[in-house]
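Me: Could you take a close look at one part of this structure for me and then show me what else is worth seeing around it? I'm new to this, so plain words please.

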Amino acid sequence: MSDLDLLYSDIEDDLRASVRDLLADRCDPDAITRLYDGDRSVVDVLWKSLTEIGMAGLLVPENRGGQGASSREVAVVLEELGRAVAPVPFLTSAVIATTLLLESESNLLALVASGDRTAALLLPWSMSPDGEIPAFDLVGESIHGTATSVAGAIEADVLLAPVRTASGLAIYAVEAAGASLDPVVSLDMTRELADVSLNHARGELVMADAESAVRRALDAGAALLASEQLGVARWCLETTVAYVKERKQFGRPVGGFQALKHRLADLYTRVETACAAARHATAALSDHDPDTSAAASIAQAFNAEVSVHAAEEAVQLHAGIGMTWEHPAHLYLKRAKASQIALGTPGRHRARLAPLIGLPS
Amino acid sequence: MNDQLDQRVARFLTDHDPRTTDPGEFLRARYDAGLAWVHFPIGHGGLGLEQAHQAGVDRMFERAGAPDNKPRVNPIGLGMAAPTILAFGTEEQKDRFLRPLWTAEEVWCQLFSEPGAGSDLANVATRAVRDGTDWVVNGQKVWTSGAHNARFGILLARTDSELPKHRGLTYFVCDMTTPGVEVRPLRQITGEAEFNEVFLTDVRIPDEHRLGGVGEGWKVANATLNSERVSIGKSADRESGLVGVVARTWRERPDLRTPELHDRLLRLWIDSEVTRLAGTRLRQKLAQGQPGPEGSAMKLGFARIAQQLSGFELELLGEEGLRYSDWTMVRPGHVDFNGRDAGYRYLRAKGNSIEGGTSEILRNIVAERVLGLPAEHRTDKDIPWKESAK
């Protein structure tokens, strides 16, 4: 437990640089802001660019059509996607759905890994890894029911439906074309949600007795979301520091006022700590450490709040401009706040952690 | 650790069985074998190796039941004086001071802070005036932990008040047994006197006890303070320290539990854990030779959590938290958070955001040196110290 490597390797640094370059080129804040007015043109182009450099298959072994990387590399990509509030289904398809498919024999995995198809697990985005799994019903051979507030469904070609069967929870793959999608107006339009209904849909059985596999997939999602939250927080800190060095009031840069310096020093401390929490959760996941669930909940409880705090500080310290759509700070606040609820709230993760560390209520 | 070093330690332990060798003799022999600080030069307790090997060597000695060199009684000596002597001392000074320092036969203290120079350390007023081959020192130092046990003190004194404050300082080693050195206990918030005031009246320090050049005291003192920051947050396991004490109480005392305290405990537990991980990450960076200005940030985090946890512990204990163990003035050799009660921990933790740099100064350091924000306006820059506002 104590010997997990919390640093970044040279390979991870190289990967970070190439993803950052691509995002700088293809993911400009104005295009992201237009998502809130219904212009989704940036999404498909950006996701295609990322899949072309192999990002969809990072977690998948080479013999199953992927890049054979680990969650450590995935975490670095997520940090960059967070920094850019990139509106792509990486976390939902390349992490959560992929982690689930890795435990199956399905050929779908290779298609998802190559980026030819994008998958989404049909669960509410607020679902915690220890939550009660809302499942679809099996009526004869067809699947019936609704999943609300699903992330990644709009971008998905194939939907992974948890289905209640006589022998437990199963996962069926359903073509998105056979589902009824009702996009919802989301707090965070850079990760748009949808209500998904299946009306006597036909699906292909991917995995029987899938409950623990689903929970592991959500655990991986929670552990790695902490890195995305770190990326959001880093952007907020760096952008705000740069702004207060430039912005003058009373004849000097506002960043010279001690009240602001101390707030930003505290924020820096929290962000550096969030980095350690994210690296720890990632390393535990990558090393199949028995501590993985605890590490994920620790990181999720901590980083979700650091990310929101960083975004709220960014809006406040940018003051007037921070309240407008002319500055991208609002995009980060919306992503941070929505991600605080995603995959279990901090309170939910603290409650889940309590028995894992022997501190019962 | 490399095999050669491994074998060297094993051979030493065979030649000096910790169970039968006198502890003092064992420690002196370990120093002479270069196994005290492996990164120090040969002849000065080391082998000139990478510092990264030290932890492995320490572990082997610990497992073999070797006597320790009282690191808790001599933290200033081991953590601050030794690296400074190594960096700035003459060969004679290294020969004289390092060995008995390492073996804890001579404990060290730090004569830096003064009533008028705490956070503004370069403002020290203690004077050292040259008199033949000696310096004559007059002044008052404060917050000197361990001065009552110390044989030597590292001393920052003003040798030229015509220069701006940072430039007129010189760094000395003060023999605490010299006539004119008076150590008075300074009773603290906890009731005990862990610190002291030190009064220096016509204290004669020979010039060969000067560390670094005349007027270079600030540079030398900064080397000392940098060593202090690096030594913060030693490797620790999950739930070591205060959080472990509180968690144990929670586990053993179901009668104290409430839902409100449960959520607060979990928040504090997570905060402690992630801060511990950040400390681990910082050490991993340092071991790789990556610069770590984050040290100041980590100290801020550790201080905050110690204060929150110790405050929480009193509330958790409820009625018991109203009682205090002992207000008798004692002069302990070191701080012992775990050996005392919750009230002591609460009060002593208040010092965590003051000692080793106040949290306010550390925030300025992070803001200016890490984030690059504009520096505080200084009115005493570039004017002679004696003319600056005191």
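Reply: Let's start in a loop of chain B, the one between β5 (169–175) and β6 (181–186), which is where B:Thr178 is found. This is a predicted model, so every value here is computed from it. Is B:Thr178 buried or exposed? B:Thr178 counts as buried, because its relative accessibility is 16% and the cut-off for buried is under 20%. What does B:Thr178 touch, once you leave aside its neighbours within four places in sequence? Its contacts are then B:Val203 and B:Arg204.

Staying in chain B, look at B:Arg184, which lies over the face of B:Phe199, 3.9 Å from the ring centre. Chain A has a charge over a ring too: the charged end of A:Arg16 sits over the ring of A:Tyr8, at 4.8 Å from its centre.

Now for rings that meet other rings. Over all chains, a search of the whole structure turns up 18 aromatic pairs. Take B:Phe12 and B:Phe26: their ring centres are 5.4 Å apart and their planes stand at 80 degrees, so this pair is edge-to-face. B:Phe12 belongs to helix α1 (residues 3–15) of chain B and B:Phe26 to helix α2 (residues 23–32) of chain B, so the pair ties together parts that are 14 residues apart in sequence. B:Phe12 counts as buried, at 6% relative accessibility, and B:Phe26 counts as buried as well, at 0%.

For another arrangement, try B:Tyr324 and B:Trp327. Their ring centres are 3.8 Å apart with the planes at 20 degrees, so this pair is stacked. Here B:Tyr324 is buried, with a relative accessible area of 18%, whereas B:Trp327 is partly exposed, at 46%. Aromatic residues can also gather in a group: B:Tyr31, B:Trp37, B:Phe40 and B:Trp102 form one aromatic cluster.

Last, the empty spaces. How many cavities of 30 Å³ or more does the structure hold? There are six of them, and the largest has about 100 Å³ of space in it. Its lining includes A:Thr92, A:Ile96, A:Leu121, A:Trp125 and A:Val150. In chain A, α5 (90–102), β1 (119–121) and β3 (142–151) each supply at least two residues of that lining. What kinds of residue line the largest cavity? Eleven are nonpolar, one is polar and none is charged.

Notes
Residues numbered from 1 in each chain as written. Chains lettered and ligands numbered in written order. Predicted model: local features only at pLDDT ≥ 70, side-chain atom pairs only at ≥ 80, totals over all residues. Heavy atoms only, no water. Phe/Tyr/Trp six-rings, centres within 6.5 Å; stacked < 30°, edge-to-face > 60°. Helix = DSSP H or I, 4+ residues; strand = E, 2+ residues; numbered from the N terminus. Buried < 20%, exposed > 50% of the residue type's maximum accessible area, 1.4 Å probe, protein only. Lys NZ or Arg CZ within 6 Å of the ring centre and 35° of its normal. Contact = heavy atoms within 4.5 Å. 1 Å grid on protein atoms, 1.4 Å probe; cavity = no way out; pocket = protein on both sides within 12 Å on 5 of 7 lines; lining within 4 Å. Points joined across faces, edges and corners; volume = space filled by probe spheres on them. Nonpolar A, V, L, I, M, F, W, Y, C, P; charged D, E, K, R; others polar.
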